[in-house]
Structures are given as structure tokens and as C-alpha cells.
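Thanks for coming. I have one helix to talk about today, and I will keep it short.

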Amino acid sequence: MEYWRVKTVDKNMQGIQYMQEGKYEEAVKLFSEVIEESPKDPVGYINFGNVLTAVGENDKAASFFKKALEIDTNASAAYYSLGNLLFEQEKFMEAKDMYEKAVKTGLDNADAYFMLGLTLMQLDQPKLAMPYLQRSVELNPGDAEARFQYALCLAHAELYEEVIKELKLVLEADPEHGDAYYNLGVAYALTDNVPLALEQMIKALEVQPDHMLAAHGRKQMEAILEEEGQQ
């Protein structure tokens, strides 16, 4: 019995590796065997659903995630995967509910908190998003996009010194992040540092020449400096 259990776990691990390598047919074969060997274990259904998601079979994937939840209502990874499907369909309220259930049932990782925070941002609820994005950054400090979204939450709360600090860290991790330069420029402008604001707008345009907001911001900062120079 112990050998069978180890064998099943090995098949799950091997199947996940196949998925990562893009060998979806091999992964499907292994996860099918896992489900056949252990039909009351939600893990096989979740992994099978993730393969279906990877090849664009979203409706079929959802049915496997739901099957996993029929077996175990605390299968947090199934809630998370369902949340991802709903997010892709822009069903943000339903996605939020799934991510919340994933976290409440024990999925304590950076991706879960990031997606819950990002979904709340899509629902225009930055105040509610902030603690989840903050937690995501704590768990994965190198995730520039999570930190950028966290900085946007701070901007909504008008905590501009914190925004500046976080966006500088974003740009250390990703020097080509045009939106980070632009928002850093806005933060400097709102703290009355127009020269630095202009500098960031110019940098945003260097990495993203079609950044219309940065182009407009540059003109505004240049006009302010010109007016100050004439006084």
C-alpha cells in the first residue's frame, strides 16, 4: 500500500514536470492513471484540469476542478485554478470569490495573494487589495509586477513617499518598466519635485516611446518648469 502511494505521488510529480516541458499528452496520460488509481484524491483532478487549461480546454478544465472540490471542499488549489479561469474570462467578482476561498482554505503563497489583490484592483477596490498585494511582495520580494500593483494601491491611499520607495524597487528589478517610471514621475510631481518628475517621464518614454501618458506628463512638467523660470 505504501509503495502504491509513493508511486501515485511520483506520477503526479512526473506529470507536472511534463507540463512544464510542454509535453501535455504525456502529462494527461499520467494524470489519468493517477485518477484511476486514486479516484478519491482531488490532486489528480486538479493536475488534469491544469493540463486542460494549458491547452485552452477551459470548460473541461473547470469540470475537473469542480470534481476535485466535490471530493474535498478544502482543496485550495482547485479554488485557485478556478479563479484563474474566471479571471481570464474577466469575471472578476466570481474570480475574487474563488481566490478568497483558496486563501481561506490554506493556500499561503505569493501567487494566490497577488491574484486576489489584482482582482480587487480590477474591481476598483484598491483599499481591500492592498494587504493582499503587500503579503504577496513579502512572500516574493523579487516579483516586480506584484510590487508595482502594491505601489498603485499606496498611490490610491496618497502615501506618495511609500509609492516612491516601492517604485524604485520595481525599477531595480525591471529597468524597462515604463509604467513604473511614469507613476514614479507622478508621485514626484505630487510631492512638488517637478525636476525629478520630468526626469522619470523622460525615462518612461525612453523605454516605451509610445507611452502617451508619459508624453503628456513630460509636456506638463516642462511647462511648469518654464513658467517657474520666467517668474
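What covers the buried residues of α5? This is a predicted model, so take what follows as computed. The cover includes α3 (42-54), α4 (58-71), α6 and α7 (110-122).

How much of α5 is buried, then? Of its 13 residues, 10 are buried, which leaves the helix mostly covered. Going along the chain, those are Ser76, Ala78, Tyr79, Tyr80, Ser81, Leu82, Gly83, Leu85, Leu86 and Phe87.

On to the length. With 13 residues at 1.5 Å a residue, α5 should span 18 Å; the C-alpha atoms at its ends lie 19 Å apart, so the two values agree.

Now one of the covering helices, α6. A general remark before the numbers: a pair of packed helices is described by the angle between the axes and the distance between them. Here, α5 covers residues 76-88 and α6 covers residues 92-104, and their axes come within 8 Å and cross at roughly 165°. Angles over 145 degrees count as roughly antiparallel, and therefore α5 is roughly antiparallel to α6. The crossing of the two is left-handed.

Who makes the contact? From α5, Ser76, Tyr79, Tyr80, Leu82, Gly83, Asn84, Leu86 and Phe87 take part; from α6, Phe92, Glu94, Ala95, Met98, Tyr99, Lys101 and Ala102 do. Sorted by type, the residues of this contact are 10 nonpolar, 3 polar and 2 charged.

Last item, what follows the helix. After α5 comes glutamate 90, with a positive phi near 60°.

That is all I have.

Key. Residues are numbered from 1 along each chain as its sequence is written. This is a predicted model: local features need pLDDT of at least 70, side-chain atom pairs count only at pLDDT 80 or more; totals for chains, interfaces and linings use all residues. Side-chain values use heavy atoms; hydrogens and water are left out. Axes are lines fitted to C-alpha atoms, for helices over the stretch in contact, and angles run from 0 to 180 degrees between N-to-C directions. Helices (H or I, at least four residues) and strands (E, at least two) are DSSP runs, numbered from the N terminus. Angles under 35 degrees count as roughly parallel, over 145 as roughly antiparallel, 65 to 115 as roughly perpendicular and the rest as oblique. A crossing is left-handed if the near helix is turned anticlockwise from the far one by less than a right angle, and right-handed if clockwise. Contact means heavy atoms within 4.5 Å. Ala, Val, Leu, Ile, Met, Phe, Trp, Tyr, Cys and Pro count as nonpolar, Asp, Glu, Lys and Arg as charged, and the others, Gly among them, as polar. The expected span of a helix is 1.5 Å times one less than its number of residues. Buried means under 20% relative accessible area, exposed over 50%, partly exposed in between (1.4 Å probe, protein chains only).
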